[in-house]
Amino acid sequence: MRKKISFAGPWITERETSYVKEAAAEGWYGNYDKYMKEFEDEVKNYLGVKYAIGTHCCTQALHLAAVAIGLKEGDEVIVTDHSWVATAHSIAYTGAKCVFVDIIPETLCINPEEIRKAITPKTKAIMVVHNFGIPADMDEITSIAKEYNLKVIEDAAPALGSIYKDKKCGTIGDVGCISFQGAKIAVASEGGVLVTNNEEIYKKACLFASMGRTDSQANFWSDEMGYQYTIGSLPAAMATVQIRRINELVDNKRKIYGWYARRLEQSSKIQMVKEKEGTFANYTYPACFLTDEVEVSAQYVENKLRDYNIFCRTGFPQMSRFPMYEKRFETPVSQHFYEKGIVLPAAHNLVEEDIEFVCETLLKLVS
């Protein structure tokens with residue numbers, strides 16, 4: 001059997017393992033918060049933001065963002081219908097309602113025209129996802145938000161290193177969130193971070209991330225219902241080194257994408273999803289459509305590739321179809337990518353020979 005060609009996976013060096021070992025030995029007593037603070041400082045320095053809060057996972061960061069901008073029951077948030085469900089759940093945790101809208105086929109990111117159609121007097125925010133590391137159309141989205149006095153949360157979970165018109169993804173809206181889960185471009189085993197330039201949002205997020213503790217009347221006194229969402233020393237140490245290596249990690253992902261593009265773009269059976277002019281994608285997860293010439297489904301292709309020890313994914317199912325949510329608008333592009341979209345393997349340990357084998361096998365399956 002040929003080696004497993006993994007969908008995703010990290011690039012870990014001796015730099016990460018030695019620093020995590022140091023944190024395990026020394027991250028106690030007077031150093032109890034040293035590695036968490038170094039992680040947050042590294043994020044701030046790289047992204048050029050004023051504030052950062054490390055969290056156990058990105059879902060927690062997204063929830064903090066939703067709470068910190070004041071979402072509550074009765075509010076509405078416009079959300080892409082194509083994403084990992086944490087995007088929607090983090091909004092729903094506050095009692096606010098998710099209003100799902102469609103995506104643009106070229107980038108798989110939320111469609112600004114559909115945002116406009118979904119705005120009501122109850123709308124309080126827009127949740128943007130830089131899908132698979134490809135930047136969304138932030139100029140149009142932030143313009144709409146300003147026109148209607150809406151907050152913008154950037155779910156930049158897979159987009160560390162992606163850039164929209166000289167601005168790093170996660171730093172353009174009111175608040176952004178990035179993931180360091182093990183399948184992302186930079187990893188901490190598990191981890192996340194909330195970033196913002198808004199001091200009020202930062203202070204509220206800090207309060208809610210630490211059990212609402214203020215010590216205002218006594219030690220361990222809480223004035224708000226909060227959560228224990230802060231990151232630990234060991235994942236913080238690993239993520240710190242990964243951020244220091246982020247340009248190297250992005251270069252590797254873009255190299256993998258280039259290997260795919262050279263082999264697949266000439267086929268009438270495959271349409272690659274790629275960055276728009278003026279943007280820079282980290283290509284955490286290279287994605288493509290099976291064109292109308294292909295009769296089989298993406299699910300069929302995914303299942304058959306596993307016979308060759310190749311692990312890809314289909315697109316996400318529409319969240320508006322889930323039993324806990326409701327469908328207000330039709331989202332045909334989201335549905336089409338679920339049916340005909342393939343997210344290709346791009347683990348950091350893959351070499352060009354592996355990508356060539358994936359492409360040869362994929363093209364054979366769709367011919």
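1. Let me start with a charged pair. Glutamate 248 makes a salt bridge to arginine 245, and their closest N and O atoms sit 2.9 Å apart. Keep in mind throughout that this is a predicted model. The two partners differ in how much surface they show: arginine 245 is buried, because its relative accessibility is 3% and the limit for buried is under 20%. Glutamate 248, at 35%, counts as partly exposed.

2. That pair has company. Glu16 joins Arg245 and Glu248 in a network of salt bridges. As general background, side chains of opposite charge can pair when their charged atoms come close. How many salt bridges does the count come to? The answer is 24.

3. Next, a bridge between distant parts of the chain. Arginine 263 forms a salt bridge with glutamate 352, with 3.0 Å between the closest N and O atoms. Arginine 263 belongs to helix 9 (residues 246-264) and glutamate 352 to helix 12 (residues 352-366), so the pair links positions 89 residues apart in the chain. Both ends show some surface: arginine 263 is partly exposed at 25% relative accessible area, and glutamate 352 is partly exposed at 31%.

4. Now a pair inside one helix. Glutamate 302 and arginine 306 form a salt bridge, their closest N and O atoms being 3.1 Å apart. What separates the two along helix 10 (residues 298-306)? They are four residues apart, which means about one helical turn. Glutamate 302 is buried, with a relative accessible area of 8%, whereas arginine 306 is partly exposed at 43%.

5. On to helix packing. Helix 1 (residues 14-26) packs with helix 8 (residues 233-244) at an angle of about 150°, and their axes are 8 Å apart. Are the two helices roughly parallel or roughly antiparallel? Angles over 145 degrees count as roughly antiparallel, so helix 1 and helix 8 fall in that class. Their crossing is right-handed.

6. If you want to look at that contact residue by residue, helix 1 contributes Arg15, Glu16, Tyr19, Val20, Ala23 and Ala24. From helix 8 they meet Ser233, Leu234, Ala237, Met238, Thr240, Val241, Gln242 and Arg244. Sorted by class, the contact has eight nonpolar, three polar and three charged residues. Glu16 is worth a second glance, since this helix 1 residue is in the contact and is also part of the salt-bridge network with Arg245 and Glu248.

7. Glutamate 42 also deserves a look. This residue lies in helix 2 (residues 34-47) and counts as buried, because its relative accessibility is 19% and the cut-off is under 20%. Setting aside neighbours within four places in sequence, glutamate 42 is in contact with Thr240, Ile243 and Arg244. Thr240 and Arg244 turn up as well among the helix 8 residues that meet helix 1.

8. Finally, two backbone points to check by eye. Tyrosine 29 has a positive phi, near 55°, in a residue other than glycine. Where does tyrosine 29 sit? Its place is the loop between helix 1 and helix 2, and at 80% relative accessibility tyrosine 29 is exposed. Serine 189 likewise is not a glycine, yet has a positive phi of about 75°. Serine 189 lies in the loop between strand 8 (175-179) and strand 9 (192-196), and is exposed with a relative accessible area of 57%.

Methods
Residues are numbered from 1 along each chain as its sequence is written. This is a predicted model: local features need pLDDT of at least 70, side-chain atom pairs count only at pLDDT 80 or more; totals for chains, interfaces and linings use all residues. Side-chain values use heavy atoms; hydrogens and water are left out. A salt bridge is a side-chain nitrogen of Lys or Arg within 4 Å of a carboxyl oxygen of Asp or Glu. Buried means under 20% relative accessible area, exposed over 50%, partly exposed in between (1.4 Å probe, protein chains only). Axes are lines fitted to C-alpha atoms, for helices over the stretch in contact, and angles run from 0 to 180 degrees between N-to-C directions. Angles under 35 degrees count as roughly parallel, over 145 as roughly antiparallel, 65 to 115 as roughly perpendicular and the rest as oblique. A crossing is left-handed if the near helix is turned anticlockwise from the far one by less than a right angle, and right-handed if clockwise. Contact means heavy atoms within 4.5 Å. Ala, Val, Leu, Ile, Met, Phe, Trp, Tyr, Cys and Pro count as nonpolar, Asp, Glu, Lys and Arg as charged, and the others, Gly among them, as polar.
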